[in-house]
Amino acid sequence: MLSTWREPCSLRATTKNHPQPMNSTHSNKAVRRQHSVFYSSPQIPDGAVEFYRHMLLEDVSLGIMPIGGRSSRAGFSVTISPANERAEEIIVEGLRSGGFGSYHRDSLADTMYEFFRLLAAELCAADRATYEIVYFEEPETRTFTGFQLVFINEEQLVKKRGQMYQAVPPEVARERHVAELIRLPMEDLLVFKPPAAYERALRDMRASLSELDGMRFPSLALEAMQKNMPYDFKAHERSTKLALLEAVKPIGWNARGSFDGLIMSYYLVHLMIGFERFKVQLRDSMLATLNTGLERIGGKIGFQARIRIDGLPTLSDVDTANHNLNSGTMPFTEVMKCLELR
């Protein structure tokens with residue numbers, strides 16, 4: 001699933017036995033009610049990392065929210081609605097899945113940046129991202145006082161007769177004294193998916209980018225030299241760039257300017273607007289699913305709260321940028337300014 005995007009999995013690898021943060025919402029005596037177990041999936045050799053897919057995942061993940069949860073955009077804020085300090089503390093701690101947060105109290109905006117950064121990469125790398133909602137229960141009062149979202153690698157999940165299981169290798173099952181198929185209650189799973197309008201596009205794009213990675217210059221050029229085959233580097237470069245453009249067009253990614261010299265400035269800005277539309281819809285989809293999960297979590301822990309993100313570009317802003325581009329009312333260099341996250 002995540003052969004080209006290592007960071008999310010490596011960060012979440014610390015979900016097992018990480019220390020309690022300071023100011024934790026639950027005591028050190030709290031019982032961790034977790035069904036899944038952590039184990040590492042086979043590592044991908046360094047040379048097997050796919051260039052284009054890796055670059056795409058980085059660009060999406062770093063562009064989904066203002067870096068570090070800070071932005072100079074007017075009105076930008078990440079808040080809990082209705083305001084509830086206790087609920088906010090529980091949510092901030094719960095979203096530091098895998099211990100990626102520091103052990104002081106992170107802000108909600110910073111926590112959301114980090115959580116969405118990893119989640120956006122997962123959703124562009126696979127069809128879905130699944131988390132177990134792990135609750136912390138105080139043994140004396142038998143009440144839930146906190147939670148954590150624990151990522152489960154999609155390659156480890158198996159669905160049978162409408163029920164979800166985590167498949168555990170026999171040697172890991174013996175070592176941990178667990179079953180090779182661990183039942184995961186559906187009510188304790190939170191499943192994120194890309195926006196429906198982009199699901200097939202992302203799937204097709206992943207396949208196309210993988211093929212293009214296998215056609216990059218060094219190996220073909222070397223083979224042509226060794227076999228004395230006719231080889232035109234410029235023709236190969238141009239055809240590869242055009243194929244890359246066709247592959248990424250559905251979400252508007254500009255591949256960091258890989259084909260700037262082949263298209264007009266107007267179409268380049270048109271692509272960039274399309275990429276912003278994709279990121280807005282992806283962010284909205286992730287937030288909607290997260291808030292649905294918080295309703296379920298709050299019902300067990302005893303709070304009612306949703307996360308609000310205000311002041312970031314909306315679909316209306318994207319439409320405005322597209323109108324400004326097509327109407328010619330402003331220079332190309334100005335069209336994208338209303339969509340910047342900084």
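The following exercises, each with a worked solution, concern a predicted model.

**Exercise 1. The nonpolar cores**

Identify the residues of the largest nonpolar core that touch the most other members, and state which helix gives the core its largest share.

Solution.
Step 1. The largest nonpolar core has 67 residues. Those touching the most other members are Met112, Phe116, Leu149, Leu290, Ile307 and Ile309.
Step 2. Helix α4, residues 108-125, supplies the largest share of this core, namely 12 residues.
Step 3. Phe116 may be examined in detail. Beyond its neighbours within four places in sequence, Phe116 is in contact with Ile64, Met65, Arg283, Met286, Leu287, Leu290 and Ile309.
Step 4. There is also a second, separate core of 11 residues, with Val37, Leu157, Ile182 and Leu184 among them.

**Exercise 2. The sheet**

Determine in what order the strands β5, β6 and β7 are arranged, and which strands lie at the edges.

Solution.
Step 1. The 3 strands make up an open sheet, in the order β5-β6-β7, with antiparallel pairing.
Step 2. An edge strand pairs on one side only; this holds for β5 (157-160) and for β7 (181-184).
Step 3. From one strand to the next, the twist averages 35°.
Step 4. Strands β5 and β6 (residues 163-167) are joined by 4 bridges. In one of these pairings, Lys159 has Met164 of β6 as its bridge partner.

**Exercise 3. A salt bridge between distant parts of the sequence**

Explain why the salt bridge of Arg256 and Glu58 ties together parts that are far from each other in sequence, and classify both residues as buried, partly exposed or exposed.

Solution.
Step 1. The side chains of Arg256 and Glu58 form a salt bridge, with an N to O distance of 2.9 Å.
Step 2. Arg256 belongs to the loop between α8 (233-248) and α9 (265-301), whereas Glu58 belongs to helix α2 (residues 51-62); the pair therefore ties together parts that are 198 residues apart in sequence.
Step 3. Partly exposed residues fall between the limits of 20% and 50% relative accessible area. Arg256 has a value of 46% and is partly exposed; Glu58, with 26%, is also partly exposed.

**Exercise 4. Further salt bridges**

State how many salt bridges the structure holds, and describe the pair Lys249 and Glu246.

Solution.
Step 1. The structure holds 18 salt bridges.
Step 2. Lys249 and Glu246 meet through their side chains at 3.3 Å, N to O.
Step 3. Lys249 is partly exposed at 35% relative accessible area, while Glu246 is exposed at 51%.
Step 4. Salt bridges can also form a network, as they do in linking Arg33, Glu137 and Arg142.

Terms used:
Residues are numbered from 1 along each chain as its sequence is written. This is a predicted model: local features need pLDDT of at least 70, side-chain atom pairs count only at pLDDT 80 or more; totals for chains, interfaces and linings use all residues. Side-chain values use heavy atoms; hydrogens and water are left out. A nonpolar core is a set of buried Ala, Val, Leu, Ile, Met, Phe, Trp, Tyr and Cys residues joined through side-chain atoms within 4.5 Å. Buried means under 20% relative accessible area, exposed over 50%, partly exposed in between (1.4 Å probe, protein chains only). Helices (H or I, at least four residues) and strands (E, at least two) are DSSP runs, numbered from the N terminus. Contact means heavy atoms within 4.5 Å. Two strands pair if DSSP finds at least two bridges between them. Axes are lines fitted to C-alpha atoms, for helices over the stretch in contact, and angles run from 0 to 180 degrees between N-to-C directions. A salt bridge is a side-chain nitrogen of Lys or Arg within 4 Å of a carboxyl oxygen of Asp or Glu.
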